[in-house]
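Q: I am new to this structure and would love a close look at a single part of it. Could you pick one residue as a starting point and work outward from there?

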Amino acid sequence: LLFIQGMILVLVSVACELSGPFIVNLLLNYLQDCEDSSDDEKDDLVNPTRFFGSDDDSDDGGSKCGVSWGLVYVALLSGTQLTNAVVRAHSMYWIKQVGISVRTCLMTVIFHKSLTIGPKARAEASAGKLIN
C-alpha cells in the first residue's frame, strides 16, 4: 500500500515538475504582450494603464496587462514548485520505507534458510548457493 501511495505521489511530483515550463511560457507571453501593447503608446512616459488597466478597457473583457494575471502566473508557478517539493519528500520517504521492509524480509528469509541447513550441507555449498 505504501508503494502505491509513493508512486502516486511521484506522478503528482512529475506533473508539477512538467507544469513549470508551461507556466513560465505563459508568464513570458504575458510580459511580451504587455510590452507590445506599451510600444503602441510611446508618447506616454509613465502609463499607469499599462499594468493596472483602465476603465475604458472593461467593455472588452479587461486589460491584457493588468497586474492580476501576472500575479496569478507567479503564484501558480510558486505553488506548483512548493507542491513539488513537499510531494517529492513524502514520496521518497514512503518508497524508502518500502525498500527497507523488502530488505528486512529478504534478510529474514536468508537467515532462516541458513539456520535450517545442516553443517554438512553448509560445508558443501558456497555462500551464493545458500542465498539462492
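A: Let's start with Ser 13, which touches Asn 84, Val 87 and Arg 88, leaving aside residues up to four places away in sequence. Please keep in mind as we go that this is a predicted model. Ser 13 is found in helix α1, a helix that covers residues 2-39. Is Ser 13 buried or exposed? Its relative accessibility is 1%, so Ser 13 counts as buried, the cut-off for that word being under 20%.

Now look across at the partners of Ser 13. Asn 84 and Val 87 are both among the buried residues of α3, a group that also includes Gly 70, Tyr 73, Thr 80, Ser 91 and Val 98. Arg 88, by contrast, counts as partly exposed, because its relative accessibility is 34%. There is a general point that helps when reading along a helix. An α-helix has 3.6 residues a turn, so residues three or four places apart point the same way.

Arg 88 has another partner to meet. Glu 17 forms a salt bridge with Arg 88, and the closest N and O atoms of the pair are 2.5 Å apart. Because Glu 17 lies in helix α1 and Arg 88 in helix α3, this pair ties together parts that are 71 residues apart in sequence. How many salt bridges does the structure hold? The count is 1. Glu 17 is partly exposed, with a relative accessible area of 43%.

Next, follow the two helices to other places where they meet. His 90 has its place in helix α3 and, at 41% relative accessibility, counts as partly exposed. The C-alpha atoms of His 90 and Gly 6 are separated by 7.6 Å, although these residues are 84 residues apart along the chain. Leu 26, in helix α1, offers another such pairing. From Leu 26 to Tyr 73 the distance is 7.3 Å, C-alpha to C-alpha, with their positions 47 residues apart in sequence. Leu 26 itself is partly exposed, with a relative accessible area of 40%.

The neighbor of that residue in the numbering, Leu 27, brings us to the nonpolar interior. Which residues make up the largest nonpolar core? There are 5 residues in all: Leu 27, Tyr 30, Cys 34, Cys 65 and Tyr 73. Helix α1 gives the largest share of this core, 3 residues. Leu 27 touches Gly 70, Tyr 73 and Val 74, again not counting residues up to four places away in sequence. Gly 70 and Tyr 73 are both on the list of buried α3 residues.

Helix α1 also has a side with nonpolar surface. Phe 3, Ile 4, Met 7, Ile 8 and Val 12 make a nonpolar surface patch of about 450 Å². Phe 3 is located in helix α1 and counts as partly exposed, because its relative accessibility is 45%.

Helix α3 deserves a look along its length. It runs over residues 67-116, and at 1.5 Å a residue these 50 residues should span 74 Å. The end C-alpha atoms are 74 Å apart, so the expected span and the model agree. Further along this helix lies Leu 106, which counts as exposed because its relative accessibility is 53%. The C-alpha atoms of Leu 106 and Ile 131 are separated by 9.6 Å, and the two are 25 residues apart along the chain.

Finally, step back to the whole chain. It has 5 helices and 0 strands, and read along the sequence the pattern is α-α-α-α-α. Of its 132 residues, 18% count as buried, and Ser 13, our starting point, is a buried residue. Among contacts between residues at least 6 apart in sequence, 69% join residues at least 24 apart. The accessible surface of the chain comes to about 10000 Å², and 67% of that belongs to carbon and sulfur atoms.

Key
Residues numbered from 1 in each chain as written. Predicted model: local features only at pLDDT ≥ 70, side-chain atom pairs only at ≥ 80, totals over all residues. Heavy atoms only, no water. Helix = DSSP H or I, 4+ residues; strand = E, 2+ residues; numbered from the N terminus. Expected span 1.5 Å × (residues − 1). Buried < 20%, exposed > 50% of the residue type's maximum accessible area, 1.4 Å probe, protein only. Patch = residues over 30% accessible without salt bridge, like charges linked within 9 Å, V, L, I, M, F, W, Y side chains within 5 Å. Areas by Shrake-Rupley, 256 points an atom, 1.4 Å probe, with all protein chains shown as cover. Salt bridge = Lys/Arg side-chain N within 4 Å of Asp/Glu carboxyl O. Core = buried A, V, L, I, M, F, W, Y, C linked by side-chain atoms within 4.5 Å. Contact = heavy atoms within 4.5 Å.
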